[in-house]
Amino acid sequence: MTDAAERHPFLLTRLDSAITWAQKNSLWPFGSGLACCAIEMIATAAARYDISRFGMELFRASPRQADLFIVAGTVTNKMAPIIRRLWEQMADPKWVVAMGNCAVSGGPFPTYSVLQGVDKIIPVDVYIAGCPPTPQGLLHGLMILQKKIAGSHPTKEILHPDARRTD
Amino acid sequence: MPEELTDRPDLLQVAEALRERFGDPVGAVAFEKGELAVRVRASELPAAVEFLKIVRGFNALNDMIGLDRHPAPGEGRKRFSILYQLYRFPGRLRVRLVIDIDEGEAVPSIVPLFKSAGWAEREIFDMFGIVFRGHPDLRRVYLPEEFTGHPLRKDFPLEG
Amino acid sequence: MTGRTLLFELLIPVLKIVAVILYPMVMVIIMIWMERRVVAFIQGRLGPNRVGFQGLLQPVADAMKLFFKEDIVPRQADAFLFNLSPVLVMASSLLAFCFLPLGESFMIGSYTLDLRVATSPVALLLVLGLSSIGVFGIIFGGWASNSKYPLMGALRSVVQILSYEIPIGLTALTVVFFSRSMDLVAIVNNQRDAKVWFGFLLPVSFVVFWISGIAETNRAPFDLPEAESELVAGYHTEYSGMKFAFFYIAEYAHMVLVSSLVVILFFGGWLPPFPNVKALAFLGRVPGFLWYLAKIMFFLYLYIWIRGTLPRYRFDALIRLVWKWLIPLAVLNFVIVALGWYLL
Amino acid sequence: MAFQEIELNMGPQHPSTHGVLRLKLTVDNEVVRAVEPVLGYLHRGMEKLWESLTYPQIVPLTDRLDYLAAVSNNLGYVLAVEKLMGLEVPKRARYIRVILAELQRLASHLAWVGFMANDIGAMTVLLYSFEDREDILDVFETYCGGRLTVHGIRIGGVPFDMDAGVAGMIRRVLDGLPKRIADIENLLDDNRIWLHRTRGVGVISAADAMDYGLTGPPLRATGVPWDIRKEIPYSSYEDFSFDVPVLAGGDVYDRYLVRMREMRQSAQIIRQALDGLPEGEFQAKVPRILKIPPGEVFHTIEAPKGELGFYVRSNGTDKPERVKMKSPSFINLQCLERMCKGNLFSDVVGILGSLDIVLGEIDK
């Protein structure tokens, strides 16, 4: 199979682009509102900014059905194991967006109870700065994520399980 | 803004009544920025709160505030203070009761008098490690049970 | 066997079977797209408009993505039942579509083309029965997930679906009184002969049937099994990938099924409206299945409209509604119609 | 079916807990026997952090407490500090503060009604109310550049003057508001399902409410006319005429009505403040390095969620010795168990929603 695939890279490329087309256009976020950023995330889903234009309005309540984990807000040490577990419950392929300074780096809270950046516990695909980022900022971050997905090679990951992202 | 207690006869009356009832404790009565603060002994606190609630009609406990004076509590002072903000509605009267306690000293709980003290006392227990005697459910309220230390003590570093 | 009969006896049934799978799928895709756009418009938003023309390919992208998603079976789950239940849910609604006619039978040469896969004199009974097999899928799914929220969601779902089956059955029977047949084509033909749609003749039956139909499909304002503010995602909380897609598609297929039933039982199926008005006779020249689709679409739109407007019922109110109002009303309606039929 | 009491765990990551709150529920056949909120999933150590910051540096952090009503937090803290300094704020600044605070109250209540309706399953209301809220956020953005975490009030006054452009914008928002509130009320007020889900649900008596320290709209819905804007006026609230809506039912529906009526009163206050906006400075003289002589104050204001208090204790340096916040949501949430007991499991989300809690200020 692998040899055949290597002999016909064209086929795989077409398959890749078809899969990534579906994936980038159907990112169902997991509604994980943690703090202030959650309100801006909801505002992004509301009428003025309307995330549904990208097909992303189906905020899933169950992590099993979501593709995109928007970490919107401060992750505390008490919350960190839960975030990690929710991420583990999500089905592959999955992506993570760190929304807001707190999720990116701990933000304005260099204290005993705040995790200094969510990338310490789960891999992050896109970082969005701001305290909180405006809805435009979030949408921009999601479009960058779409570009990133469009450039990925899902078939490679299926054919060579070892090539799966380890970051 | 009145700077003398005599400008506020209503508050003066409360202060007089407290002094009459509980004698002249350590720091006695202070009046600052229009706010009345009365220092009472920790052991007499529930009696003082009950007196204010039932006799003087202070029907709301606004807040409980913990203080840590570490490392220099001052001459003859104890390390911690707890401030009780009481309010009378209607009547626009606000009184602050202050108690001083040392490390390891337990404070009588006022949950039987004000239900709202339940979480406030848990918060002070969590943040300062002050134990409330008679509290129905004294556990940490914010931090996980396995957390060591009490963050709002002055000798606790910010980064933990 | 001549080539001609082979063609008709073999090829056409195969084509029909393909059609009976494709037709609900296409309807579901249209329905999902329509729902997301219409709800968006009700809420002053735009809705999906990036993928394909006006976002029409959005459901396709969703389905494709779900197809390539990891399939998770939770460790604590009962793997056999867990895997069985989405299949059961999906199969039951697809099976019911076999008995749904898409239009009148017509002749190609000497061959009568029946626009349905299976013909049965008790098609109505079969459709109602098959579509309720899905409830087993729901209870298996909720139970096999071995988790509290799915179980509670499944329990609610079962209680709700079983309760609302009763008024559905009772009101469907009143239609049978008039049509004197449980054959769905015969029911429509009866309405043509009677020159009146049963919906106007039996308004109470229609209203009760429609309300119960919404509850049957677990849709707003009766979407308690999936009330995400209470139960996360209800019985399918633990499902991912294609298995979740099965539940999702089956729910929409079920909606199409209920809408089709309402149209056939109460609104004359593929009959054109106003057959008595001479000036509007040209309406009869529009092919029947277009009328049929248009009517189904209207009821699907009603589903979305209700979802965009009403809050959710509380569980006790939901049960009270069916046992204290709908069932007595359906029984009363049944008796009155029966008496009327007997006396007239 | 014989259903034993089962324990359910809602959250900390649950669609309706409005953030990272966890509820331990004991449910018996869908009837709630006990509720225990578990807090601290958003505890950021604010109060500890404040002890290492200067007085003006603390102001933007107060935005992140009740992030649905950032200006109210600013106002509460700044007023406490000014009281401690004995600083007199120009009247124009006081009026602008009132305008901002009342706009914030409108925004907060609009967001609340949306969340509340969404919890009960009427999702369209959320979209409507957020659209209206966006208009108010636009005003903030035009005024000072902030949308959600506004930082719209500084020690000694306000950062910018209220010019004609912003004032006109506010008037336009206010003109459109009655119709928009009416739109929301049309969707909810006479809706039988909404009435069924809210009337007689989560009832609490006035005596219990006082005992639990309940404040704000939930308290006024039990018949206690306690509004600090009237009781101990601050920031020139005594200049404006407005009513305090009070209802006696103490249930979820009355809390909803109180908030809807308060929105109309807020609009009225803003109009009066805009009409009577005095000329003059909008910022008092405040030293660049602000050192406050030793002292302590406790000051409360009427925030959208309830009574918001700040205790500030200075020690003569440029950093406070202790800042304690009395957050209304923290106190109000204690009532949840009292309100939920005996109600149905489905009502817990509605009752929780009706309290209007924000985890940012509960967990600090």
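Trainee: What makes you say that helix α1 of chain B lies across β1, β2 and β5, and how does the helix run relative to β2(B)?

Mentor: Contacts, for a start: C-beta atoms within 7 Å count, and helix α1 (residues 9-22) of chain B lies across those three strands. Its direction is about 0 degrees to β2(B), residues 35-39. Angles are taken between N-to-C directions, so a value of about 0 degrees means that helix and strand point the same way. Keep in mind that this is a predicted model.

Trainee: And what is the angle for helix α2 of chain B, against β5(B)?

Mentor: About 175 degrees. The scale ends at 180 degrees, so α2 (residues 45-55) runs roughly opposite to β5(B). Helix α2(B) lies across β4 and β5 of chain B.

Trainee: Why is the sheet in chain B called open, and which strands are its edges?

Mentor: The five strands go β1-β2-β5-β4-β3, with mixed pairing. At the ends, β1 (29-32) and β3 (60-68) each pair on one side only, so they are the edge strands. From one strand to the next, the twist averages 20 degrees.

Trainee: How do you know that β4 and β5 of chain B really pair?

Mentor: Pairing needs at least two bridges, and nine join β4 (residues 80-88) to β5 (residues 93-101), so they qualify. The two strands run antiparallel. As one example, L86(B) has V95(B) in β5(B) as its bridge partner.

Trainee: What shows whether chains B and C touch or stay apart?

Mentor: They do not touch, as their nearest C-alpha atoms are 24 Å apart. Chain A does meet chain B, with five residues of A in contact with six of B. On the chain A side, two are nonpolar, two polar and one charged.

Trainee: Which pair of chains has the most contacts?

Mentor: Chains A and D, among the five pairs that touch. There, 25 residues of chain D are in contact with 30 of chain A. On the chain D side, α5(D) gives the largest share, four residues. By class, that side has twelve nonpolar, seven polar and six charged residues.

Trainee: What makes V71(A), V97(A), M99(A) and L97(B) stand out in the largest nonpolar core?

Mentor: Of its 307 residues, those four touch the most other members. Beyond four places in sequence, M99(A) is in contact with residues including C37(A), M41(A), I128(A) and L138(A). Another core, of five residues, lies apart from the largest one, and I19(A) and V51(C) are among its members.

Technical notes. Residues are numbered from 1 along each chain as its sequence is written. Chains are lettered from A and ligands numbered from 1 in the order in which they are written. This is a predicted model: local features need pLDDT of at least 70, side-chain atom pairs count only at pLDDT 80 or more; totals for chains, interfaces and linings use all residues. Two residues are in contact if their C-beta atoms, placed from the backbone, lie within 7 Å. Ala, Val, Leu, Ile, Met, Phe, Trp, Tyr, Cys and Pro count as nonpolar, Asp, Glu, Lys and Arg as charged, and the others, Gly among them, as polar. A nonpolar core is a set of buried Ala, Val, Leu, Ile, Met, Phe, Trp, Tyr and Cys residues joined through C-beta atoms within 7 Å. A residue is buried if 20 or more other C-beta atoms lie within 10 Å of its own, exposed if 12 or fewer, and partly exposed in between; C-beta atoms are placed from the backbone.
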